[in-house]
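Thank you all for coming. I would like to talk through the spaces inside one structure, so please have it in view while I speak.

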Amino acid sequence: MAFSAPRRQPLYASHPHTRLARLPTPVHEAVLPGTGRLLIKRDDVSGVPYGGNKVRKLEFLLGRAMAAGADAVITFGAAGSNHALATAIYAKLLGLRCHSMLVPQVNARSICRNLLRGYAAGARLHPCANRRDTALCVASVFRETYARSGRYPHVIPPGGSSPVGALGFVNAAFELADQVPEEGMPDVIYLPSGTMGTCVGLLLGLRLRGLETRIEAVSVTTAPFSCMEKAKALFQATNRLLHAADPSLPLLAFPHHQFSFRKEFLGAGYGIYTTDGVAAVRQAGAIAGIRLEGTYTGKAFAALLADARRGALDGKRVLFWNTYNGRDFGADIEGLDYRELPIPFHAYFEQDVQPLDQV
Ligand SMILES: *Cc1c(COP(=O)(O)O)cnc(C)c1O
């Protein structure tokens with residue numbers, strides 16, 4: 001069964017915004033023993049040519065960059081960052097230059113694909129070994145951009161998780177509430193927590209609608225990117241941004257009872273696959289026909305499966321928010337030579353990927 005609803009976007013009028021996503025994304029139903037009902041929110045098809053959760057944030061982030069008259073953006077991530085890639089692709093579509101400051105990570109096959117696709121989108125990919133390196137690189141991009149155009153580049157934080165980026169997921173909560181009849185709203189939503197704009201934006205949107213749906217935020221990174229302090233600070237800052245633009249939206253207390261921060265599925269760290277996560281990727285394909293991966297969505301789905309197995313979701317309406325891009329971009333990178341990338345990136349193409357990514 002699939003739900004659909006007319007497009008209604010209450011925040012678009014009061015915050016700079018540019019339309020990039022194809023909304024609403026579908027909600028599909030799957031069967032999983034141990035749950036009353038399993039719904040899948042298909043943000044994997046949130047955009048063309050690239051989907052996933054970052055598109056919703058970029059509608060507001062790049063909308064603001066355009067409104068500020070910027071002609072370039074800077075953003076940050078690990079080498080294979082989906083956020084850096086999404087920013088590169090959609091910045092290019094809007095005629096903005098994109099600079100990505102990329103730090104090292106444990107090797108996986110998706111890193112090579114993302115690097116090549118970002119390069120194909122015309123982004124400048126800057127290898128940054130550490131924080132000091134990143135700061136120096138940002139300073140030089142600022143100087144270079146200003147010298148060229150007399151303007152500074154617009155800075156987009158890691159993962160796009162500023163209050164502005166989180167607006168995309170406040171809207172996403174409204175979208176879900178418009179799409180699913182109230183009696184069918186999920187009791188609980190499972191999703192990965194990387195830099196928290198997604199889970200916190202959803203939580204705030206649910207609260208603003210007076211909905212009690214609980215968020216299970218499955219941490220796939222460590223502090224300061226993902227932690228309770230970050231969740232509260234981002235919730236309040238996003239709430240203030242909304243309230244300032246529209247005082248009819250109230251300032252709310254952080255709803256502790258409605259937010260679980262789950263650390264037990266992270267494993268050894270960001271981008272390091274876990275046995276449970278890899279098994280969950282396989283099971284999601286089998287029961288829901290969706291393609292997950294080991295860094296984010298596999299770990300979040302592993303949490304859902306573990307809770308179902310121990311009886312915690314009996315009779316509950318459960319929703320899995322699929323945050324991973326599902327658009328194939330193989331044709332866009334075919335024939336590209338990785339040796340055209342800056343040398344520090346070559347190792348991802350020349351060395352083995354982590355063992356759990358080899359199966
Ligand atoms: C970036 C990303 C996330 C994490 O979203 P945050 O808003 O940073 O917490 C989850 N899943 C995928 C596939 C991502 O690329």
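The lining of the largest pocket receives at least two residues from each of H1, strand S4 (72–78), H2, S5, helix H4 (131–149), S8 and H6, and H4 contributes the most, with 4 residues. Helices here are DSSP runs of H or I with at least four residues, strands are runs of E with at least two, and both are numbered from the N terminus. Before going on, I should say that this is a predicted model, in which local features need pLDDT of at least 70 and side-chain atom pairs count only at pLDDT 80 or more, while totals for chains, interfaces and linings use all residues. Residues are numbered from 1 along each chain as its sequence is written, and side-chain values use heavy atoms, with hydrogens and water left out.

What do I mean by a pocket? On a 1 Å grid over the protein atoms alone, a pocket is an open set of points with protein on both sides within 12 Å along at least five of seven lines, whereas a cavity is a set where a 1.4 Å probe fits but cannot get out, and lining residues have an atom within 4 Å of a point. The volume is the space filled by probe spheres set on the points, which are joined across faces, edges and corners.

By that account about 960 Å³ of space lies in the largest pocket, and of the 43 residues lining it, the closest to its centre are Gly77, Ala78, Pro158, Thr195 and Phe225. The lining divides into 19 nonpolar, 20 polar and 4 charged residues, where Ala, Val, Leu, Ile, Met, Phe, Trp, Tyr, Cys and Pro count as nonpolar, Asp, Glu, Lys and Arg as charged, and the others, Gly among them, as polar.

Which space does the ligand take? The ligand occupies the largest pocket, in the sense that more than half of its atoms lie within 2 Å of the grid points. Its shell consists of 15 residues, with Lys54, Lys57, Thr195, Thr198 and Thr323 the closest, a residue being near if one of its heavy atoms lies within 4 Å. Helix H1 (54–67), strand S8 (188–193) and helix H6 (197–208) each supply at least two residues of that shell, which divides into 4 nonpolar, 9 polar and 2 charged. A polar side-chain atom of Thr195 lies 2.5 Å from an oxygen atom of the ligand, and for the side chains of Lys54 and Asn53 the distances from an N or O atom to a ligand oxygen are 2.9 Å and 3.0 Å, respectively. Taken alone, the ligand exposes 390 Å², of which the protein buries 97%, with areas from the Shrake-Rupley method and a 1.4 Å probe.

Turning to the second largest pocket, about 430 Å³ of space lies there, and its 25 lining residues include Tyr273, Leu292, Glu293, Gly294 and Asp357, which lie nearest its centre. The elements giving two or more residues to that lining are H3 and helix H8 (275–288), and H3 gives the most, with 5 residues.

Finally, there are 3 cavities of 30 Å³ or more, and the largest cavity has a volume of about 70 Å³. Its lining has 9 nonpolar, 5 polar and no charged residues.

Notes:
Polar contact = N/O pair within 3.5 Å; in protein donor to acceptor, adjacent residues only side chain to side chain.
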